[in-house]
Amino acid sequence: MKGFHEFRAQMRARLDDEIGTIHRDASRRVALVYPSPYHVAMSSLGFQAIYRLMNGVEGWAAERAFLPDDVEAHRRAQLPLVTYEGERHVSGCDLIAFSVAYELELTGLFDCLSLAGLPLFAAERTAKQPLVVCGGPLTFSNPLPLGPFADVVAMGEAEELATSLLEAVDAEPDRQRLLALLATMPGFWVPSIHGESLPPVAKADDSLLPARSQIVTPNTELRSMFLIEPERGCSRGCTYCVMRRSTNGGMRKVSPDVVLDAIPAHVERVGLVGAAVTDHPKIAEIVRRLVDGGRHIGISSLRADRLTDELVGLLARGGYRTLTTASDGASERLRVTIERKTKEKHLVRAAELARAHGMKGLKLYEMVGLPTETDEDIDELVRFSTELSKVIPLALGVAPFVAKRNTPLDGAGYAGIREVEDKLERLRKGLRGKVDVRPTSARWAWVEYVLAQGGIEAGRRALIAHQAGGTFAAWKKAFAEDGSKRSQLRVVQ
Ligand code: SF4
């Protein structure tokens, strides 16, 4: 069994590999906690940006902590959750700020709080214990299941919220008065005061863009890559997407000079991150200048209808071996219904450009289980994928559709586990030997669905499921027993 010395050695080895770590003396400390392991967390641009920002607030220092790689080993060894920078107990900090990316990370939050030795329910913590604040991408859609556990939730873009939160904590030492104060400030949801009434998501001032990495490390999924956001938001209107134009007023662009100037000289690999990076009108210029400077490049969101010969050529020069894009709907008919503008001709062109520039393959993201989808739509995907695979080796990443709040498709039902599995089987059978089909789990997509559509009670049910072992059967049982209004969700057989 691993002991503290081994965990400390792992932490220190990771710190040694980092460039950009902030060690700061201050009278007050935030434990910035990511409810997934280090190698996932450090690929999160939002987490990195808030780390830099909080460390810039007068009188405060932010130190990071992560869900341990092996939670059970950590628990068995009775190790506390500690911060990396100062090896401080998370429970001894003035404030704990979680960055939560998506629904299933709720269980990581449970584990982090319990490893920190804190009561999970906000109502059971005392004013002597740190204030627990949640933020992150999940808050753009449905943070309600965080409600029983968070004292405060920062909704949406966090740049200004993070600063005003720390200033409010400085200004108001009394916990109840602090919560009352935060409840009056735009962008903060205080579950104990607001109940299920969520405030609108916050929008940061454009002068605070671009978000960018603070730390570069080889020990992440995006190895040694410096992340930067040349645009925020999206001007398109795909009806299933949380980041569509209605969320925060469309795409905000950053000029190429500002993007380039923000990248440190030592950086060799640059990831351009955003909801719709290739919609930036100057994307080719940004990529060209990076590649001409000898940098390797990654882009988080390649839209097939924005790919040109020049851009794909630059990506190939910048180290791309597989071109990854999404069509999301199985057929042209479905893509029209969800207002996804990608057409077959765009995907064929993407495949041809990838081949022409010597790439080894094309990866396409798809959803199955969209409303009104039939076997004919799946058959069209089989037929079209077969055609594409004759141009270049093709892999399909297939995820079941999960309706999100804050989107036009909010409230749409889950297609059903058996139904989704049947569709996946139809796809696999039709493409066997021709296309690499990589589906995500229909069962766990259902769990994501009950959390994406659930209310505060869904958070309590999630804890019951987690404490009952966290198996799919435990989740099904926990939600089957939930009689609350918001969980009039189809419990799938
Ligand atoms: S799916 Fe992509 S293109 Fe469509 S609205 Fe969302 S971010 Fe924009």
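**Strand pairing and ligand shell in the predicted model**

Strands S3 (residues 95–99) and S4 are paired in the parallel sense, with five bridges between them. The model is a predicted one. Within this pairing, Ala97 lies opposite Val133 of S4. The link between the two strands includes a helix. S3, helix H5 (residues 106–115) and S4 together make a β-α-β unit, and this unit is right-handed.

S4 also pairs with strand S5 (residues 152–154). Here two bridges join the strands, which again run parallel. One contact places Cys134 with Val153 of S5 as its bridge partner.

S4 covers residues 131–135 and is mostly covered. Five of its five residues are buried. Burial extends to both faces of the strand. On one side stand Leu131, Val133 and Gly135, all buried. On the other side stand Val132 and Cys134, which are buried as well. Two of these residues also appear in the bridges described above: Val133 faces Ala97, and Cys134 is partnered by Val153.

A further sheet has three strands. It is open, its order is S7-S10-S11, and its pairing is parallel. Strands S7 (225–228) and S11 (296–299) stand at the edges. Each has a single partner strand, so one side of each is left without a neighbour in the sheet. Neighbouring strands of this sheet are turned against each other by 25 degrees on average, direction ignored. Strand S10 (residues 269–272) is joined to S11 by four bridges, and the two run parallel. In this pair, Arg269 stands opposite His296 of S11.

The ligand has its own set of surrounding residues. These are Cys234, Arg236, Cys238, Cys241, Met243, Arg244, Ala275 and Ala276. By class, the shell divides into six nonpolar residues and two charged ones. No polar residue belongs to the shell.

At the level of the whole chain, the protein contains 19 helices and 15 strands. Its radius of gyration is 23 Å, close to the 23 Å that the globule rule gives for 493 residues, so the protein is as compact as a globular protein of that length. The C-alpha trace spans about 65 × 55 × 50 Å along its principal axes. Of the 493 residues, 47% count as buried. In S4, by comparison, five of five residues are buried.

Terms used:
Residues are numbered from 1 along each chain as its sequence is written. This is a predicted model: local features need pLDDT of at least 70, side-chain atom pairs count only at pLDDT 80 or more; totals for chains, interfaces and linings use all residues. A residue is buried if 20 or more other C-beta atoms lie within 10 Å of its own, exposed if 12 or fewer, and partly exposed in between; C-beta atoms are placed from the backbone. Two strands pair if DSSP finds at least two bridges between them. A crossover is right-handed if, with the strands pointing away from the viewer, the path from the first strand over the helix to the second runs clockwise. A residue is near a molecule or strand if its C-beta atom, placed from the backbone, lies within 6 Å of it. Ala, Val, Leu, Ile, Met, Phe, Trp, Tyr, Cys and Pro count as nonpolar, Asp, Glu, Lys and Arg as charged, and the others, Gly among them, as polar. Axes are lines fitted to C-alpha atoms, for helices over the stretch in contact, and angles run from 0 to 180 degrees between N-to-C directions. The radius of gyration is taken over C-alpha atoms; the globule rule is 2.2 Å times the number of residues to the power 0.38.
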